[in-house]
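Hi,

Here is the structure I promised to pass on. Have a look at it first, and then read on for what turned up when I went through it.

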Amino acid sequence: MIGAGVAGLRAAIQLAKVGSVLVVAKDSLRESSSEYAQGGIAVALSDDDEVALHEQDTLYAGDGLCDAAAVHRLVEDGPAAIEELIDWGAEFDREGSKLSFTREGAHSRNRILHAHGDSTGHEIARTLYCKAATLDNIRFESYAATVDLLTSESGSVVGAVVFDAKTGRLRSVRSRAVLLATGGLGRVFKETTNPDVATGDGVAMAWRAGAQVSNIEMVQFHPTALHIQGVPRFLLSEALRGEGAVLRNRMGEAFMDRYHEMRDLAPRDVVSRSIVAEMRRTGSPHVWLDLTSRPADFIQHRFPRIYRTCLNYGVDIAKEPAPVHPAAHYAMGGVQTDLDGRTGVPGLYAAGEVACTGVHGANRLASNSLLEALVFGARAGSSMRGDTAQAQDPDCHPAVLEPDMSEATVRALSWDDCGISRNRIGLERALEALGNVSWSPTEQLSVASLERRNLVQLAGLIAAAALWREESRGAHYRTDFPEKRAEFQRHSVSSPVPGSPDRRPWIADS
Ligand SMILES: Cc1cc2nc3c(=O)[nH]c(=O)nc-3n(C[C@H](O)[C@H](O)[C@H](O)COP(=O)(O)OP(=O)(O)OC[C@H]3O[C@@H](n4cnc5c(N)ncnc54)[C@H](O)[C@@H]3O)c2cc1C
């Protein structure tokens, strides 16, 4: 398993029933998006909810690009996946003896479970980690960054090349099957809510190994990351707006009614673009998120982590609004898989945010991603049990190449030209700059250098797919094609150009 977030841990538990499992993580075992997930996990378990309604809301948010079978699996398997977690010790918040559900944007029912107020991801990861630790067959290695996948002559994946950050050494790990559970790619962009490990390594490695990458242009930008100079872009969960927080401009006016009938709870892409428009209109570097209408003790109890973190950065959200700005948050696209986590490459699986199962389509419904990581992590773990072939000797692993573009440059370019609003001129400019990058063999491999390679390749994949999609749909917004177009109601599929030495992306006519 490459990755120790919710998807990797859940898959490992499933697979450990039949064989030995190695889980590697690039940083400490706790450094993952899963650990930082605040708002909650969506599941149709409340008395007034139904699986069919959760399905309907997910399809609506996905804006015509969801894979209906994948959505059905997600919502149908969701309740059992949560009950299993509770059996394993997960403590979700309750009102009396009943589970407590809250509402987030574009959900038609209160269906978001949360834990310790706003530490839902941490509680789920803790539960899975404790469960995994009881199983003899699972071994963990932290600070082990996978550089590339090992492939056999026939093209199957037979293991991975791992860089040990402590010793500075590379080593090959052979295995019967490999699961990519490497999470998201937010760090491709200058502004992101994601932790530093989210550099899209899994997508880049899979793509280099010949797997197809789908809908990679679909990046969700979260409207409300804390915006204070020199401070990480800490996420201010949508649940704050679910509990009554209001976006205000520099004059203190609540402005969302000017942009959408659902006001502050409109879909995330709408809110993000509205904030950018309002910042431009009022000449302000950010807007404000105001929860001061709620009592201080409610805020401290319901959002303890957010409250404490903001206070550390000098903002008391019980007394004053917080400065916020949109930031890259979630990748709907990724390595294309079937419902059992299989990619098109034998021996290679993917689950969680790195994968594109099609459940999120063009836009993710809030809090569906932890559920996806649980449900499809378990399914991938089950299907990997069928991979009983002995690992073959790898052909060899290719030299690691390094780009001559700095991380800051690629992140700024992605933000400016492939970000919240895109157009042909900007996307072509980005592709030209990325096409001019020179690649040379790495002299001294480090985690930073391998990440930089992946960031540059991913920026190219995103720009190419965003240029191909001449429409606006879900999270993808083109100022030169502001409408949805029927001929683009299909997934983008990127593959390396066959035979091309620089492996430039192309978009298959899917
Ligand atoms: C701030 C924040 C808040 C969020 N809130 C919510 C929420 O409330 N509800 C919700 O449903 N979703 C939320 N999300 C999204 C959700 O947390 C993620 O989509 C989900 O946790 C992804 O799980 P994962 O297991 O796929 O990846 P992750 O949890 O990100 O785990 C990735 C793992 O892969 C490892 N890794 C990466 N690259 C390599 C490499 N090269 N070699 C070895 N290991 C590697 C990392 O070290 C890590 O262990 C939030 C995300 C963020 C960033």
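To start with the strands: which residues of strand S1 (residues 21-24) lie on one side and which on the other, and are they buried or exposed? Val21 and Val23 are on one side, Leu22 and Val24 on the other, and all of them are buried, so both faces of S1 are covered. That fits the usual pattern: in a regular strand the side chains alternate between the two faces of the sheet. Bear in mind as you read that this is a predicted model.

S1 also has a partner. Four bridges join S1 to strand S7 (residues 138-141), and the two run parallel. If you want a spot to find this pairing on screen, go to valine 21, whose bridge partner in S7 is isoleucine 138.

Elsewhere there is a small set of strands to look at. Three strands form an open sheet in the order S2-S6-S5, with antiparallel pairing. Strand S2 (41-42) and strand S5 (101-102) stand at the edges, and each has a single partner strand, so one side of each is left without a neighbour in the sheet. S2 is joined to strand S6 (residues 112-113) by two bridges, and these strands run antiparallel. Alanine 42 has isoleucine 112 as its bridge partner in S6.

Now the rings. The structure holds five aromatic pairs. One of them is phenylalanine 221 with tryptophan 415: the ring centres are 5.9 Å apart and the planes are at 70 degrees, so the pair is edge-to-face. Phenylalanine 221 lies in strand S13 (residues 219-226) and tryptophan 415 in helix H12 (residues 407-418), so the pair ties together parts that are 194 residues apart in sequence. Phenylalanine 221 is buried, with a relative accessible area of 4%, and tryptophan 415 also counts as buried, at 14%. Phe189 joins Phe221 and Trp415 in one aromatic cluster.

Another edge-to-face pair is phenylalanine 255 with tyrosine 259, at 6.1 Å centre to centre and with 90 degrees between the planes. Phenylalanine 255 counts as buried, at 0% relative accessibility, whereas tyrosine 259 counts as partly exposed, at 29%.

Two arginines are worth a click as well. The charged end of arginine 273 sits over the ring of tyrosine 477, 4.2 Å from its centre. Arginine 294 lies over the face of phenylalanine 298, at 4.0 Å from the ring centre.

Then there is a charged residue on the inside. What does glutamate 55 have as its nearest side chain of opposite charge, and how far away is it? That would be arginine 73, which is 9.2 Å away; glutamate 55 is buried yet has no salt bridge. The residue lies in helix H3 (residues 51-61). The side chain of glutamate 55 does make a polar contact with the side chain of histidine 72, at 3.0 Å.

Last, a loop position. Glycine 230 is in the loop between S13 and helix H7 (238-242). At 79% relative accessibility, glycine 230 counts as exposed. Its C-alpha atom is separated by 29 Å from that of glutamate 104, and the two residues are 126 apart along the chain.

That's the tour. Shout if you would like to go through any of it together.

Cheers

Conventions
Residues numbered from 1 in each chain as written. Predicted model: local features only at pLDDT ≥ 70, side-chain atom pairs only at ≥ 80, totals over all residues. Heavy atoms only, no water. Pairing = 2+ DSSP bridges. Phe/Tyr/Trp six-rings, centres within 6.5 Å; stacked < 30°, edge-to-face > 60°. Buried < 20%, exposed > 50% of the residue type's maximum accessible area, 1.4 Å probe, protein only. Lys NZ or Arg CZ within 6 Å of the ring centre and 35° of its normal. Lys, Arg positive; Asp, Glu negative; His and termini not counted. Salt bridge = Lys/Arg side-chain N within 4 Å of Asp/Glu carboxyl O. Polar contact = N/O pair within 3.5 Å; in protein donor to acceptor, adjacent residues only side chain to side chain.
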